[in-house]
Amino acid sequence: VEMLESAIFARRAKIIHFVRNPFDMVLSNYLYHSQEPSPEKWVHIDDPCHSTYENGQTLASNVLPSIGTEEINEKYFSNLVKMCRSLFQSKPSMRNSTFYEHLLELDSKD
């Protein structure tokens, strides 16, 4: 980080910042992870709503130092996790399903 900062201030580094439409990102994520077979192993074993790590840190404690604002705060992440929990494995037929199986079951119109 210090090398990058010094290069920026010395005007030796160029930075390009890309911004994507959130809808495009969600659609891209869905299409990528729902391929058959999926290129990602974690979609078969990980819980997409998991927000607390073995070391006791949370998703929020890892992300907020970089992107935290008045609107994006602990409560915001808590609500995201609640929303995820309300959707993931919420249907009786999907109680024991993996994230990947959920992706495959989504209605393409949704």
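Of the 110 residues in the protein chain of this predicted model, buried residues make up 15%. The accessible surface of the chain amounts to about 9,500 Å², and carbon and sulfur atoms contribute 56% of that area. The secondary structure consists of five helices and zero strands, so that, read from the N terminus, the elements follow the order α-α-α-α-α. Among the contacts with a sequence separation of 6 or more, 45% join residues that are 24 or more positions apart.

Two of the helices can be described side by side. Helix α2 covers residues 22–33. Its 12 residues reach 16 Å from the first C-alpha to the last, close to the 16 Å expected at 1.5 Å a residue. Helix α4 covers residues 74–87 and has 14 residues; here the distance from the first C-alpha to the last is 20 Å, again close to the expected value, which is 20 Å at 1.5 Å a residue.

The starts of both helices feature an asparagine side chain. At the start of α2, a side-chain oxygen of Asn-21 comes to within 2.7 Å of the backbone nitrogen of Phe-23. At the start of α4, a side-chain oxygen of Asn-73 comes to within 3.1 Å of the backbone nitrogen of Lys-75.

Helix α4 also brings us to the surface of the model. Leu-87, which is found in this helix, joins Tyr-76, Leu-80 and Met-83 in a nonpolar surface patch of about 390 Å². An α-helix has 3.6 residues a turn, so residues three or four places apart point the same way. Leu-87 counts as exposed because its relative accessibility is 58%, and the cut-off for exposed is over 50%.

The segment that follows α4 offers a contrasting environment. Just after the helix, Gln-89 adopts a positive phi of about 55°. Further along, Ser-97 sits in the loop between α4 and α5, the latter helix spanning 99–105. Ser-97 has a relative accessible area of 9% and is therefore buried, as the cut-off for buried is under 20%. Leaving aside residues up to four places away in sequence, Ser-97 touches Phe-88, Gln-89 and His-102. Gln-89, with its positive phi, is thus one of the residues in contact with Ser-97.

Terms used
Residues are numbered from 1 along each chain as its sequence is written. This is a predicted model: local features need pLDDT of at least 70, side-chain atom pairs count only at pLDDT 80 or more; totals for chains, interfaces and linings use all residues. Side-chain values use heavy atoms; hydrogens and water are left out. Patches are made of residues with over 30% relative accessible area and no salt bridge: like charges are joined within 9 Å, nonpolar side chains (Val, Leu, Ile, Met, Phe, Trp, Tyr) within 5 Å. Accessible areas come from the Shrake-Rupley method with a 1.4 Å probe; for residues, only the protein chains shown count as cover. A salt bridge is a side-chain nitrogen of Lys or Arg within 4 Å of a carboxyl oxygen of Asp or Glu. Helices (H or I, at least four residues) and strands (E, at least two) are DSSP runs, numbered from the N terminus. Buried means under 20% relative accessible area, exposed over 50%, partly exposed in between (1.4 Å probe, protein chains only). The expected span of a helix is 1.5 Å times one less than its number of residues. A polar contact is a pair of N or O atoms within 3.5 Å; within protein, one must be able to donate a hydrogen and the other to accept it, and residues adjacent in sequence count only if both atoms are side-chain atoms. Contact means heavy atoms within 4.5 Å.
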